[in-house]
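Me: I want to know what stands behind the labels used for this model. Please set each value against its definition.

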Amino acid sequence: MTTGRSLQLARDTLQKKRTVHIRTLLDVMLLCNIDYEYFGKLVVPYDFEHSIRVSKNQNTLKNTGCMAPWCAFFQKTESIVPTGTKTKRHSDGSLFRNYVACTACGCRFAFNIEGNMVEQDWFIRGYNTLKNLLNEQGGIKTLQEIRRPANFNRDRWWGVIAYFSSRPVFGDPEKLDEGLMAAFVQYININANMNNVYKWKCWNSYRHYLQYRYHFEVMNALVFSKRKVPVRHNIKTYEEEVISLCSRLLDSDQDISVEKISTLINVSSNTLRAWGFQHYIKGMKDEQRRSRLKKRKKQLIEKVDLYFRQNANHRILSKDIYQSIGISQTYLNVIAPDVNEYIRKKKLQFSRI
Ligand SMILES: [Zn+2]
């Protein structure tokens, strides 16, 4: 009988009620070199008995950080949130409690009967395996080229490859379709699970689906889905605050950035990132950039029109137009080629008159 099983027996946490076989007892007595008479007189100190019977895991949750070596929050606790699963028994009979997930890397952990935090997926094992294989086998270009090791079943291995191919851990991450990603995340937010997503017609293959399934945005959406996380209410309040703040900054044309939002709502930028808010903030920042560019283009076109009106009786040279609007043709070609085109057509029209 293993130590883990003995502890489960002592704590009465085994799924099936079991008794200790006399053989186990005799083995222990032989190992410790004690006879039956001595064994009968043994008095177990209460403190020891208590320490065995009460699981240690009640106090460890607060003090344990993410275990994934590639995670930005490795050995830190800020990114760890409860998933809502309290207790679960695995098919091999082992019992886990207090499931948590890291919102930075997406790994899930739970506490075993000894109170130790254990990885629930295979990403850390996958990481170590990939690291070794890449060291051993030079010249491999993509993770997909690596042959599946015997100790991983097909789905686990494909999961590991999908997980790491969307993260900058072993080289550059693969680019995924943003629209498809947004649809996946939205589906989870509405349905609080991902039933049937793999049946969507858009997937070229099961592996194609897995790449999105193990992207951190999808993994985070699952952690924060309504069904699972009680702390969502807390985060939800902040989420609403971030949304209304971004819209106010956009309206008043003040710069939007994670750092600025972090100062305004008094939550560290790392925590904002751990909650996954940086994607929304970045989206709003892009929106701000687009709206500023639109405004600038409008102003440039007004300036161009004004220049042509004011010089109706003169010969107009390109360099003079650009000088008057205060921007070089080359730069304009990068930020707004359509304004360049507008100037070209305008000049052509003008010369025909
Ligand atoms: Zn992590």
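Reply: Start with pairing: two strands pair if DSSP finds at least two bridges between them. Helices (H or I, at least four residues) and strands (E, at least two) are DSSP runs, numbered from the N terminus. This is a predicted model, where local features need pLDDT of at least 70, side-chain atom pairs count only at pLDDT 80 or more, and totals for chains, interfaces and linings use all residues. Residues are numbered from 1 along each chain as its sequence is written.

Me: What makes β2 and β3 a pair?

Reply: Strand β2 (residues 87–89) shares 3 bridges with β3, in the antiparallel sense. The definition asks for at least two, so they pair. One contact to look for: Thr87 has Arg97 of β3 as its bridge partner.

Me: Which other strands does β3 join?

Reply: β3 (residues 95–102) runs antiparallel to β1 (residues 80–82), with 3 bridges. It also has 3 bridges to β4 (residues 108–111), again antiparallel. Ala101 is the partner of Val81, and Ala101 is bridged to Arg108 in β4. The hairpin of β3 and β4 has 5 residues between the strands, and Gly106 there takes a positive phi near 90°.

Me: Why is Gln75 called exposed?

Reply: A residue is exposed if 12 or fewer other C-beta atoms lie within 10 Å of its own, buried if 20 or more, and partly exposed in between; C-beta atoms are placed from the backbone. Gln75 has 11 such neighbours, so it counts as exposed. It sits in the loop between α5 (57–60) and β1. Its phi is positive, about 65°, although Gln75 is not a glycine. Most residues other than glycine have a negative phi.

Me: Why is Asn98 only partly exposed?

Reply: Asn98 has 19 C-beta neighbours inside 10 Å, so it falls in the partly exposed class. Asn98 belongs to strand β3. Its phi is positive too, about 45°.

Me: How do you know that α2 is hardly covered?

Reply: Helix α2 (residues 22–31) has 10 residues, and the count of buried ones is 0.

Me: Why are α14 and α15 called oblique?

Reply: Angles under 35 degrees count as roughly parallel, over 145 as roughly antiparallel, 65 to 115 as roughly perpendicular and the rest as oblique. Axes are lines fitted to C-alpha atoms, for helices over the stretch in contact, and angles run from 0 to 180 degrees between N-to-C directions. α14 (residues 278–310) and α15 (residues 318–325) pack at about 130°, with axes 9 Å apart. That angle is in none of the named ranges, so the two helices are oblique.
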